[in-house]
Amino acid sequence: MRKKEFIYKYKYIFFPVFGAAALFLFGSVIMLLWNWLMPEIFGLTTISFWQALGLFILSRILFSGIGGKKKHSHKHKWSDLKGREEWKTMSSEERKEWFKKRKFAQWMEHKNDCFSDSDVKENDGSDREQN
């Protein structure tokens with residue numbers, strides 16, 4: 001039996017067992033660390049396993065959100081190797097078109113970040129004087 005087939009076949013057994021073991025481990029570690037550090041440092045009382053598990057869940061909700069890891073929606077095309085290579089081979093006109101499609105052109109022209117000096121229209125303030 002292949003590894004993937006084995007995992008898919010027994011995932012309803014392994015994942016809950018693994019999840020329960022992870023919760024037990026995290027709760028125990030938090031309880032031991034709290035009971036070792038907090039009473040001496042801050043004069044707080046010791047906590048039980050269930051209180052430590054509650055602290056773990058509370059901190060998970062407060063600092064990580066309720067869901068699991070989410071894919072980043074702000075991942076850019078050039079974040080992978082293929083995208084970087086494609087970006088390097090683009091001409092300045094192709095880069096302008098890429099930004100125009102994504103409505104970044106005005107912002108990038110203002111910043112002068114990606115266009116060469118010859119590609120950016122000269123803004124010496126003459127437009128403002130005519131208005």
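Where is the place of Val-29? I looked it up in the predicted model. Val-29 sits in helix H1.

**Entry 1: the chain as a whole.** I began with the secondary structure. I found six helices and zero strands in the protein chain. Along the sequence, the pattern reads α-α-α-α-α-α. I then checked burial: 16% of the 131 residues count as buried. The accessible surface is about 11,900 Å². Carbon and sulfur atoms hold 60% of that surface. For contacts between residues at least 6 apart in sequence, I noted that 16% join residues at least 24 apart.

**Entry 2: Val-29 and its patch.** Is Val-29 buried, partly exposed or exposed? Its relative accessibility is 40%, so I logged Val-29 as partly exposed. I also found Val-29 in a nonpolar surface patch. The other members are Leu-25, Leu-33, Trp-36, Leu-37, Ile-41, Phe-42 and Leu-44. Together the patch residues have about 810 Å² of accessible area.

**Entry 3: Ser-28.** I moved to Ser-28, which lies in helix H1, residues 3-42. Why does Ser-28 count as buried? Its relative accessible area is 16%, and the cut-off for buried is under 20%. What does the side chain of Ser-28 reach? I found the backbone oxygen of Phe-24 at 2.8 Å.

**Entry 4: aromatic rings.** How many aromatic pairs does a search of the whole structure find? I got four. In one of them, Tyr-10 and Phe-14, the ring centres are 6.3 Å apart and the planes stand at 70°, so I entered the pair as edge-to-face. Both residues are in helix H1, four residues apart, about one turn of the helix. Tyr-10 is partly exposed at 28% relative accessible area. Phe-14 is also partly exposed, at 43%.

Next I took Phe-26 and Phe-56. This aromatic pair is stacked, with 5.0 Å from centre to centre and 25° between the planes. Which helices hold the two rings? Phe-26 is in helix H1 and Phe-56 is in helix H2, residues 49-64. The pair therefore ties together parts that are 30 residues apart in sequence. I checked exposure for Phe-26 as well: it is partly exposed, with a relative accessible area of 40%.

Last, I looked for a cluster. Phe-24, Phe-49 and Trp-50 form one aromatic cluster. I had met Phe-24 before, as the residue whose backbone oxygen the Ser-28 side chain reaches.

How values were computed:
Residues numbered from 1 in each chain as written. Predicted model: local features only at pLDDT ≥ 70, side-chain atom pairs only at ≥ 80, totals over all residues. Heavy atoms only, no water. Helix = DSSP H or I, 4+ residues; strand = E, 2+ residues; numbered from the N terminus. Buried < 20%, exposed > 50% of the residue type's maximum accessible area, 1.4 Å probe, protein only. Polar contact = N/O pair within 3.5 Å; in protein donor to acceptor, adjacent residues only side chain to side chain. Patch = residues over 30% accessible without salt bridge, like charges linked within 9 Å, V, L, I, M, F, W, Y side chains within 5 Å. Areas by Shrake-Rupley, 256 points an atom, 1.4 Å probe, with all protein chains shown as cover. Salt bridge = Lys/Arg side-chain N within 4 Å of Asp/Glu carboxyl O. Phe/Tyr/Trp six-rings, centres within 6.5 Å; stacked < 30°, edge-to-face > 60°. Contact = heavy atoms within 4.5 Å.
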